[in-house]
Amino acid sequence: MLLLAQTAPASPSFLSNLDTLLFAVFPYVAMAMFFLITISRYRSHPFTYSSLSTQFIENRQHFWGLVPFHYGVIAVLTGHVVAFAIPRSVLLWNARPLRLYILEVSALIFAVLTLVGLIQSIHRRLTSSKVRTATTPTDWIVLAMLLFQLGSGMYIAVMHRWGSSWFATSVSPYLWSLVRLNPDISTIVPMPAAVKLHIISAFLLIAFFPFTRLVHVLVVPNMYLWRRAQVVRWYRDRRVRSSQ
Amino acid sequence: MDVRAQISMVFHLDKCIGCHTCSIACKNIWTDRKGSEYMWWNNVETKPGTGYPTRWESQQEYKGGWEVVDGKLRLKSTSKAQIIFNIFHNPSLPSMDDYYEPWSYRYADLFNAPESDDQPTARPISMVTGDPIDIKAGPNWDDDLGGSQIYAANDPNLESLSPEVRAQLQAIERLVFFYFPRICNHCLNPACVASCPSGALYKRGEDGVVLIDQKVCRGWRSCVAACPYKKSYFNWSTGKSEKCILCFPRLETGQAPACFHSCVGRIRYLGVMLYDASRIEEVAKTPNEGLADAFRGIVLDPHDPAVIAGARANGIAESMLESAQASPIYQFVKVWKIALAPHLEFRTLPMLFYVPPLLPVMSQLKDGNVTTVNQNFFHDIEQARIPMQFLGNLFGAGHVGKVTYALRKQMAVRMWRRAVTVGDITRDVAERALREADCSPDEAEAIYRMSSLANINERIVIPPSHREEAIEMMADPLVHKQSVGFGFIERPERGT
């Protein structure tokens with residue numbers, strides 16, 4: 001959009017229409033796709049829900065890619081959710097510069113961890129012929145999208161300080177307005193291009209999510225910690241019992 | 001008492017000729033799909049040998065099975081708390097290199113190669129990548145002791161043996177081996193089931209077959225690490241784990257599984273055993289010395305009225321009960337006590353038992369002759385070419401007592417039959433041998449019959465599973481009317 005604005009004297013109404021489309025309409029399309037397609041895929045093709053692990057065919061590089069990536073991405077996503085959910089507390093925390101630096105630096109460390117893991121995973125998929133065999137075109141698209149998302153996020157974190165504070169004041173209200181079904185994009189429109197791109201590609205990722213291996217996030221085991229060790233299924237009288 | 005039924009197995013190792021027919025029958029039916037080429041749900045190993053995957057018996061390396069820590073039974077590979085941290089990268093997971101990279105040959109080159117001075121060759125190509133590979137090893141690379149300095153010498157069961165005994169085993173004039181066919185043991189205390197974070201693995205209540213629900217499996221790979229027998233495999237193409245299903249579609253119609261049915265040596269016996277499910281944990285926690293006895297104790301007498309009443313109360317079908325009463329497995333394991341569980345110290349309580357091999361033990365060359373009868377009948381067993389401790393490590397949780405008992409009884413049965421048919425051993429001598437081996441003439445006859453004469457209906461005694469009733473109970477039989485059969489059945493393809 002920045003390019004558009006510079007090269008062609010596009011009419012202001014076109015730009016505002018585009019902003020409305022991207023930030024007020026597309027998020028709903030993405031969320032609708034996310035929920036409807038993951039649920040219908042879970043119901044009609046449960047077999048396709050899998051982590052699709054390749055650890056079995058390449059066990060050495062696997063550790064250095066998958067472990068940093070997952071811990072990093074979980075921390076970074078948690079940070080986004082926290083800033084979205086409790087913006088007031090984040091601002092209060094950031095009131096002291098030292099605490100702000102601690103938050104920003106640790107967020108960046110987790111982002112670097114994610115980046116290291118992601119690059120290692122891509123490297124592994126390119127260099128191990130067995131893993132390459134088990135990689136689908138969709139996997140490459142997902143990796144590219146993740147890399148772009150991570151890269152733009154880190155660029156923003158470094159170039160547009162301090163993200164944790166302005167996320168709380170500007171992005172969080174926007175996201176809440178989406179939740180309230182009354183989209184207010186006034187805080188987003190004046191944002192730098194990098195931030196806008198980051199938001200748009202995030203919703204793209206959410207929209208594409210149901211078609212990818214990322215669905216494994218939705219089926220992380222949660223009952224294991226509470227269930228009994230042994231599982232017994234009875235067919236004759238539909239009793240589902242556990243022993244031991 | 002919580003009476004349950006289990007389809008159980010006995011493999012008679014003296015009869016195994018190592019032909020791999022069982023493996024091929026299984027492969028052709030179940031594991032010739034993409035991603036499963038490297039799997040051998042049924043495989044035959046040469047012992048001593050390192051097996052498939054290499055050195056699977058060494059749980060210091062593979063971390064399979066259970067251990068008792070502070071009086072509690074826990075998985076060696078993981079715990080409920082650990083699994084959260086291990087889910088991204090399972091530290092105990094073997095890789096394809098521990099098995100082998102499956103290959104085929106580019107046969108078309110034999111026909112399409114341009115004319116030249118050299119013979120055309122069919123290059124080996126990887127069945128994973130499709131690229132040419134150098135073959136390093138295969139699933140039975142050490143068959144018949146091939147390369148035994150590398151393979152047999154590294155058998156984990158030899159580790160507790162003294163250097164002298166190990167050297168004897170390596171001496172060329174004493175070389176000895178036997179075959180060890182393996183399938184999933186369908187354990188009573190399966191480590192694979194207990195380790196699955198998704199709860200995809202389960203034991204069928206009716207017949208004890210352990211299965212993986214392919215629609216629930218998410219490929220967390222815990223079962224592969226947890227199974228000490230390494231009989232759960234990861235399909236790298238579909239991203240799901242797979243294992244021996246005991247050919248349940250055949251079982252349910254009263255047929256023997258393919259490996260049983262195709263067995264050339266007729267070494268495989270299949271039957272029902274009743275056991276007390278309430279005692280599983282207690283038995284699995286028993287120290288190694290008493291483990292074999294405790295395990296036998298969990299098997300219930302199918303003729304005991306209390307057991308029959310308990311079975312009926314638990315909804316065990318009459319046909320299952322009848323099969324349990326005619327079970328050859330019950331005879332081998334509980335009555336004759338000559339079939340033993342492999343590596344009971346892994347504490348999964350495997351329901352596949354082996355009659356330990358006598359033949360390579362017995363045939364001792366003395367002064368150029370094979371000796372038959374010594375005044376001390378069982379002298380040859382103690383002087384066995386296969387060290388008893390080796391068999392003890394394999395079938396006795398490290399103790400030789402149960403193995404010696406089984407071998408002595410088998411030897412006495414042979415003497416008895418020799419006295420009956422050939423007559424170069426007198427009846428008195430044979431009867432004394434039987435007495436010393438804790439056997440009677442009747443029992444010897446029964447063991448002889450079941451070992452050598454039994455036809456398929458005596459060796460394989462299983463009921464059909466009343467599937468017709470089960471399905472009606474589970475779901476409306478009309479639920480799929482007008483919905484499947486025209487391309488709507490999902491193919492097991494890799495998701496995205």
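**Strands E2 and E7 of chain B**

I began with the pairing of strand E2 (residues 43–47) of chain B, and found that five bridges join E2(B) to E7(B), the two strands running antiparallel. This is a predicted model, and I read every entry below in that light. For one register point I looked up B:Thr46, whose bridge partner in E7(B) is B:Tyr179. I then asked how covered strand E7 (residues 178–182) of chain B is, and noted that five of its five residues are buried. B:Phe178, B:Phe180 and B:Arg182 point one way from E7(B), while B:Tyr179 and B:Pro181 point the other way, and all of them are buried. I set this beside the general rule that side chains in a regular strand alternate between the two faces of the sheet.

**The loop after E2, and B:Lys63**

Following the chain on from E2, I checked the peptide bonds in the loop that leads to helix H2 (59–62) of chain B, where B:Pro48 has its place. The bond from B:Lys47 to B:Pro48 is cis, with omega near -5°. B:Pro53 lies in the loop between E2 and H2 of chain B as well, and the bond that reaches B:Pro53 from B:Tyr52 is cis, with omega near -10°.

Past H2, I stopped at B:Lys63, in the loop between H2 and strand E3 (66–69) of chain B. Its phi is near 60°, a positive value in a residue other than glycine. Is B:Lys63 buried or exposed? I count B:Lys63 as buried, because 20 other C-beta atoms lie within 10 Å, and 20 is the number at which a residue qualifies.

I looked up B:Lys337 next, with phi near 60°, again positive in a residue other than glycine. B:Lys337 sits in the loop between helix H15 (328–335) and strand E14 (352–355) of chain B. Here I found 18 C-beta neighbours inside 10 Å, so B:Lys337 counts as partly exposed.

**Strand E8 of chain B and the contact with chain A**

Turning to the contact between the chains, I noted that it takes 46 residues from chain B and 47 residues from chain A. On the side of chain B that touches chain A, the elements giving two or more residues are helix H7 (191–195), strand E8 (201–204), helix H11 (280–284) and helix H23 (467–474). Which of them gives the most? E8(B) does, with four residues. By type, the residues on this side of chain B divide into 20 nonpolar, 14 polar and 12 charged.

I followed E8(B) further, since the strand also pairs across the contact: strand E1 (residues 232–233) of chain A and E8(B) pair in the parallel sense over two bridges. The partner of A:Val232 in E8(B) is B:Lys203. Within chain B, three bridges join E8(B) to strand E9 (residues 210–212), antiparallel, and there B:Lys203 has B:Val210 as its bridge partner. The hairpin of E8(B) and E9(B) has five residues between the strands, and B:Gly208 in it takes a positive phi near 80°. I also recorded that both faces of E8(B) are covered, with B:Leu201 and B:Lys203 on one side and B:Tyr202 and B:Arg204 on the other, all buried.

**Cores, and B:Arg408**

The largest nonpolar core has 133 residues, of which B:Leu201, B:Phe332 and B:Phe353 touch the most other members. The largest share of this core, eight residues, comes from H19(B). Apart from it lies another core, of 15 residues, among them A:Val76, A:Leu150, B:Ile87 and B:Phe88. For B:Phe353, setting aside residues up to four places away in sequence, I listed the residues it touches, including B:Met9, B:Val10 and B:Phe332.

In helix H19 (residues 401–421) of chain B I singled out B:Arg408, which is buried, with 22 other C-beta atoms within 10 Å. Leaving aside neighbours within four places in sequence, B:Arg408 is in contact with B:Phe378, B:Ile381 and B:Ala437. The C-alpha atoms of B:Arg408 and B:Glu436, 28 residues apart along the chain, are separated by 8.4 Å.

**Helix H9 of chain A**

Last, I checked the length of helix H9 (residues 193–208) of chain A: its 16 residues should span 22 Å at 1.5 Å a residue, and the end C-alpha atoms are 22 Å apart, which agrees. In H9(A) I found A:Val195, A:His198, A:Ile199 and A:Phe203 buried. Seen down the axis of H9(A), the buried residues fall within an arc of 125°, so they line one face of the helix.

Technical notes: Residues numbered from 1 in each chain as written. Chains lettered and ligands numbered in written order. Predicted model: local features only at pLDDT ≥ 70, side-chain atom pairs only at ≥ 80, totals over all residues. Buried ≥ 20, exposed ≤ 12 C-beta atoms within 10 Å, placed from the backbone. Pairing = 2+ DSSP bridges. Contact = placed C-beta atoms within 7 Å. Nonpolar A, V, L, I, M, F, W, Y, C, P; charged D, E, K, R; others polar. Core = buried A, V, L, I, M, F, W, Y, C linked by C-beta atoms within 7 Å. Expected span 1.5 Å × (residues − 1). Arc of directions from axis to C-beta.
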